[in-house]
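Welcome! Here are some friendly questions about how the words used for a structure are earned. Have a look at it before reading on.

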Amino acid sequence: MMDASQQYSPRTVEEVFRDFRGRRAGLIKALSTDVEEFYQQCDPEKENLCLYGLPNELWEVTLPAEEVPPELPEPALGINFARDGMQEKDWLSLVAVHSDAWLLAVAFYFGARFGFDKADRKRLFNMINDLPTVFEVVTGSNKKQPKEKSSVSNHSSNKSKSNSKKIEKGIQKSEEKREGEVEEMERGGDPQGKFSRAQLKDEEDDDGGFEEEEDEEHGETLCGACGENYASDEFWICCDICEKWFHGKCVKITPARAEHIKQYKCPNCSNKRARP
């Protein structure tokens, strides 16, 4: 693997840029003109796969390097796992973003290895920056467009749309009930015989009350992969098919990747859908 990149090591700014440009051209081919072949090679049933751009303007989908540490920085791992859980254009855009990051990592790895000074690094970056990114070429845009946030990102928004609606209704009902009880007390009554003005004021001041109930509710949730309990400081994601919750780390989904997923299918549901 990566024989073409191991046959030579660029040592000058111009050579590193030429290496960058060749790898970039290979990645663009994979994500545009050769996209059907690339899509087929990224089989979710296979192990973790990576997309490599080669200096000779070719591309390769294969397993990551076995040597530790690798000869060069490695591209994003496991791009095949997200293929069937996203719309094709969103998946290709995500791969393109990771490819841009990898290209920069490789270029500045060479710069560090061969002792580029501040002026060389700046010149290299300016040469690279004059070219459109892989993402811009693949999506056909010259600048990034703001994307709608997914219904699953971090804990503060780590709910499905249906759950979010339930929470909003719960808050609304709770507020309506509380207002009714305050009005009843102002008329001289006590609807439940156990509320005082001080108690109601304390409840109004406690902005985190509903959040605590929410945490208690999800505290009983178990990860569909490892079986461990929900924790508020961990990223979770819900399968839109079976509605089971998973640790992001257990299904190899990060908050950044979740932003691009419109309908998430867990590994079990993906396998069921793929098999006849």
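Q: What makes both faces of strand β1 count as covered?

A: Strand β1 spans residues 50-53, with C50 and Y52 on one side and L51 and G53 on the other, and all of these are buried. Buried means under 20% relative accessible area, exposed over 50%, and partly exposed in between (1.4 Å probe, protein chains only). The two sides arise because side chains in a regular strand alternate between the two faces of the sheet.

Q: What kind of model is this, and how are residues numbered?

A: This is a predicted model, in which local features need pLDDT of at least 70, side-chain atom pairs count only at pLDDT 80 or more, and totals for chains, interfaces and linings use all residues. Residues are numbered from 1 along each chain as its sequence is written, and side-chain values use heavy atoms, with hydrogens and water left out.

Q: How do you know that β1 and β2 are paired?

A: Two strands pair if DSSP finds at least two bridges between them. Here 4 bridges join β1 to β2 (residues 59-62), and the strands run antiparallel, so they meet that definition. Y52 stands opposite E60 in β2. The hairpin has 5 residues between the strands, and E57 there takes a positive phi near 70 degrees.

Q: How many helices and strands does the protein have?

A: There are 11 helices and 4 strands. These are DSSP runs numbered from the N terminus: helices are H or I with at least four residues, strands are E with at least two.

Q: Why does the length of helix α4 agree with what is expected?

A: The expected span is 1.5 Å times one less than the number of residues. For the 26 residues of α4 (residues 88-113) that gives 38 Å, and the end C-alpha atoms are 37 Å apart, so the two agree. Just after α4, G115 takes a positive phi of about 70 degrees.

Q: What makes a group of residues a nonpolar core, and which members of the largest one touch the most others?

A: A nonpolar core is a set of buried Ala, Val, Leu, Ile, Met, Phe, Trp, Tyr and Cys residues joined through side-chain atoms within 4.5 Å. The largest has 54 residues, of which F38 and L51 touch the most other members. Helix α4 gives the most to this core, with 10 residues. Leaving out residues up to four places away in sequence, L51 touches residues including L27, F38, W59 and V95; contact means heavy atoms within 4.5 Å.

Q: Why is E243 called exposed, while K252 is called partly exposed?

A: E243 has 60% relative accessibility, so it counts as exposed. K252 has 46%, so it counts as partly exposed. E243 lies in the loop between β3 (236-238) and β4 (245-247), and K252 in the loop between β4 and α10 (255-258). Neither is a glycine, yet phi is positive in both: about 65 degrees for E243 and about 60 degrees for K252.

Q: What makes the bond between V68 and P69 cis, and where is P69 found?

A: Omega of the peptide bond joining V68 and P69 is about -10 degrees. P69 is found in the loop between β2 and α4. Most peptide bonds are trans.

Q: Where does pLDDT stay under 50?

A: Residues 1-7 and residues 145-167 stay under 50. pLDDT is the predictor's confidence in each residue, from 0 to 100. Where it is low, the predicted coordinates should not be read in detail. The protein averages 77, and 66% of the residues score at least 70.
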